[in-house]
Structure formats: structure tokens, C-alpha cells
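Okay, thanks everyone, let me pull this one up on the screen. I'll go from the whole chain down to a few side chains.

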Amino acid sequence: EGTYLVGGKPAAARELIFQYGSGGMAGVFASFEAYKTKTDEAGRFCFPQVPLGKHHVARLVPMGRGTMLHDPIAEVEIRPGETTTVQIGGAGYSVSARLRWPEGQKPDPNWQVMAHLQRAPSQALLDAAERAAQDPAAMAALQQSTEVQAFKGLSARVAQAEVAADFQTLSFEAVAPGDYVLLVMAMPEVQGQTPGAMLTGRLSVTVPADPATGALDAGEVALKREDSK
């Protein structure tokens, strides 16, 4: 059981699932329906009966077309005969952005929109990569450097967006300070098949470190057809 906070405040009506182990589909996994719950008005949630061991709590993030993405937000360890109590979130920013669709293009319920915030490399790291670009030995050394390894660790933890039902806005929760790239991909569905008419967009986003929590309007993401780049 526990409490889910966003921006230091209780997050109500968030759908959560209990993921067995790492949450991978290749092995044993928990039933999505049997291990699903929703936070109350105070952000509280409870899974009455769960297996022992190290597992994850994940948030269900709407992506359109009735699909939900599983976004792991906390690791929990369940011990025999005990109730595990956790507080999830609390720090970070709520980040929102608006989608600008191409002229004459209107999304409908058959679309699927996926978006995430990915860590952007620092200018110093970009400069170092440019200097090493023509020297394989220097590039290999850069790849093994503590700076690159630290960036890889950060970039592996992406923030997934919740897509509004009207496909006009995106929202992120508990985003840590730093520089990010917001990447968006929109795909229509025709007769059960996804055609090549994909739309993509990107936007640079900086989340401040001071104050520790807050809300950030990242602005507008212009979506473009892949063949128009």
C-alpha cells in the first residue's frame, strides 16, 4: 500500500498495476486485471495480496486507440508477514505540451500517439563527440568515459506522456530537473494496418532545479509528416 504524489500533492484517480519482477513479458507476469488499482482522492492505493520478492508498481498511461502503456514508477520489496508501505513521487515537475497537427489533418479515435521525454546530452558532451568523430580510438575512449556512462544511465530512464483524449495535449508527471528532448510519434490505423503516413515532432525542454517541484508549460510541438522532412 502507499501514496502517490505528483508535484508534492496527492495524485488522485491514477490507474496503477503491480508488475511481477522486472515486468518483462518473456517470463512470469501478473494478471493485468487482478493486479490493477486506482488512487483515491488522497493519492492512496492498495494491492491487498501480492507475491513475495522484488517487484514494481507501474502507472497505466493512455496513448489513444484504447491502449495503455505500462510506466514503472517504483520498485518494491515484499517480505513475508509484512505490509510494505511506500510513497511514490513527491518531487519533480508536472510538464505539459500542446500538439500542433499539420494543416488539414485531424486526429480521430483510431490514432495512436506516443510521446516521451528523453535526456539531452550536454553541450560539453556534444563537443567531445564532435572532436572524437574522426578518431576511432578517441571515440572508443569517450564511450567508456564516466561522463558518457552517466548520460547513458540517465537517458535510459525516460518519462512517458499521458495523451489527452482529444489528442491535443500531452502531460508528464514527476520529471526530474535537466535538459530533455520531447519526442512524439503519431500513427493512424486503416483496416487494421498502420500505414506509412506517420507524423513526428520534437521539442527541447529544460526542467529547472529550483524550486524542486512545480508545473512547466513546455509549449507547442509541431507534428510533421515523415515524407515532408
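So, the protein chain has three helices and 17 strands. Keep in mind that this is a predicted model. The chain runs to 229 residues, and buried residues make up 36% of them. Its accessible surface comes to about 13,000 Å², with 52% of that belonging to carbon and sulfur atoms.

How do the contacts spread along the sequence? If you take contacts between residues at least 6 apart, 67% of those join residues at least 24 apart.

Now, one sheet to look at. Four strands make an open sheet, and if you walk across, the order is E12, E13, E9, E16, with mixed pairing. Which strands stand at the edges? Those are E12, residues 162-163, and E16, residues 213-222. Each has a single partner strand, so one side of each is left without a neighbour in the sheet. As a quick reminder, strands of a sheet pair through backbone hydrogen bonds, and they can do that parallel or antiparallel.

Let's zoom in on E9 and E13. Strand E9 covers residues 92-100 and strand E13 covers residues 169-175; the two run antiparallel, with five bridges joining them. If you want a landmark to click on, try Val-95, whose bridge partner in E13 is Phe-172.

Okay, on to the aromatics. The structure holds three aromatic pairs. Take Phe-18 and Tyr-35: their ring centres are 5.7 Å apart and the planes sit at 35°, so we call this pair tilted. What does this pair link? It links distant parts of the chain, with Phe-18 in strand E3, residues 15-19, and Tyr-35 in the loop between E3 and strand E4, which is 36-38. The two are 17 residues apart.

Are these two buried or exposed? Phe-18 has 4% relative accessibility, so this residue counts as buried. Tyr-35 comes in at 23%, and the cut-off for buried is under 20%, so Tyr-35 counts as partly exposed.

Another aromatic pair is Phe-45 with Phe-47, and this one is edge-to-face, 6.1 Å centre to centre with 65° between the planes. Both Phe-45 and Phe-47 are buried.

And here's how those pairs fit together: Phe-18, Tyr-35, Phe-45 and Phe-47 form one aromatic cluster. So if you're rotating the model yourselves, colour those four residues and have a look at the cluster. That's my tour, happy to take questions.

Terms used. Residues numbered from 1 in each chain as written. Predicted model: local features only at pLDDT ≥ 70, side-chain atom pairs only at ≥ 80, totals over all residues. Heavy atoms only, no water. Buried < 20%, exposed > 50% of the residue type's maximum accessible area, 1.4 Å probe, protein only. Contact = heavy atoms within 4.5 Å. Areas by Shrake-Rupley, 256 points an atom, 1.4 Å probe, with all protein chains shown as cover. Pairing = 2+ DSSP bridges. Phe/Tyr/Trp six-rings, centres within 6.5 Å; stacked < 30°, edge-to-face > 60°.
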